Amino acid sequence: MRKEAYIVWYFFSMCFCVWPCFGQFSYQYLDVLYDSAWTYKNLTLIPVRFKAGHGWGGGKVLSLQEAMLQKKVSIHELPADVGSDKGSVSITNRSRNTIMIKSGELIGGGKQDRIMRETTLIAPGLRKEIMTVFCIEKDRWDEKAGPFFYGGSGDIELRKAVDISKRQAAVWKEVDRQFTLKKTSSNTRSYLKLSKDSTRRDDYSIFFRKKYDESNGGFAGFIFITGNQIMGVELFSKADYTKTSFNAMLDSYIHSLPQGEHTPMVSALRQKTFMDNILSSKNTQLSLIRKQGAAHRYENELMHIVVYGIGF
């Protein structure tokens, strides 16, 4: 193969591998329902729906929360023969269904509490995976691991540290910042304790989950807005994935709401500009994800993107 031809082939291959499925996250396949927003107090969700004939399939998918509550999944620290690794845990699917794990979900227990770094699927039938995680409990590493339990979802600021910085130091720094901001303490700097002690907003969850249940489904994801701020947008490659992840996704944004009403008032132009940058062009979408979001793949297929509303 001539050198020039090889270079062209190489860059084409790299682009294809890095971004194989832009089409499914574009206006060709998606409608943004600006006129059908769901608003409760100071939070607005704008649905993004698949166009007819797209986004279906995937079969029955269990959320991590469902799987843990039903004891259909087991999570363990890595065994001694693999080597102790604070940045990984072993997860085994003991059900007949695929289990979906969403980035930003929290698990407590083990030798220390963790936050999931990626969105992925675990196939059924005693399928074991090694999952990458970050520690969210800085000052605990027990000699003997306790059982893991489901801890909900991290707030948006913590998820930004995971998705954008992608460094353990940034995660610890964010947890420390929140402890200082809330003027509280914990012997082990436990983010789960901090989250548990925060003001509960169950009325938000009830309202938006009811809206979802009353809808016709087919959603690729949602834009989240509070006050004069676009908090972010999350999109999935299948409507079933959106449905499975909705509770964890919603909780992230509810946890991040400011105190007070702050009626959502982002202009239609800002909303559209934000989404045009994501759905109109592969290049601008990729640039935004690199700077202020994350892309998650399963078996080299893009399945979940998140872009935080920084600068919009």
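Modeller: A polar contact is a pair of N or O atoms within 3.5 Å; within protein, one must be able to donate a hydrogen and the other to accept it, and residues adjacent in sequence count only if both atoms are side-chain atoms. This is a predicted model: local features need pLDDT of at least 70, side-chain atom pairs count only at pLDDT 80 or more, and totals for chains, interfaces and linings use all residues. Numbering runs from 1 along each chain as its sequence is written, and side-chain values use heavy atoms, leaving out hydrogens and water.

Colleague: Which residue caps the N-terminal end of H3?

Modeller: Helices (H or I, at least four residues) and strands (E, at least two) are DSSP runs, numbered from the N terminus. At the N-terminal end of H3, a side-chain oxygen lies 2.9 Å from the backbone nitrogen of Glu157. That oxygen belongs to the capping residue, Asp155.

Colleague: How many of the 10 residues of H3 are buried?

Modeller: Buried means under 20% relative accessible area, with a 1.4 Å probe and protein chains only. The buried residues of H3 include the charged side chains Arg159, Lys160 and Asp163. Helix H3 (residues 156-165) is largely enclosed by the rest of the structure, because its buried residues number seven.

Colleague: In the sheet E4-E7-E10, which strands stand at the edges?

Modeller: This open sheet has three strands and mixed pairing, where two strands pair if DSSP finds at least two bridges between them. Each edge strand has a single partner, so one side of it is left without a neighbour in the sheet; the two are E4 (61-63) and E10 (120-122).

Colleague: What angle does the direction of H7 make with that of E4?

Modeller: Helix H7 (residues 239-255) packs on this sheet, touching E4, E7 and E10; contact means heavy atoms within 4.5 Å. Axes are lines fitted to C-alpha atoms, for helices over the stretch in contact, and angles run from 0 to 180 degrees between N-to-C directions. With E4 the angle is about 20°.

Colleague: With which side chain does Glu105 make a polar contact?

Modeller: Glu105, in strand E8 (residues 105-110), is buried yet has no salt bridge (a side-chain nitrogen of Lys or Arg within 4 Å of a carboxyl oxygen of Asp or Glu). The nearest side chain of opposite charge, Lys102, is 7.2 Å away. The polar contact, at 2.6 Å, is with Tyr150.

Colleague: In E11, which residue is the bridge partner of Ser90?

Modeller: An open antiparallel sheet has the order E5-E6-E11-E9-E8-E12. Within it, E6 (residues 88-93) and E11 (residues 127-135) pair over six bridges. The partner of Ser90 is Ile130.

Terms used:
Buried < 20%, exposed > 50% of the residue type's maximum accessible area, 1.4 Å probe, protein only.
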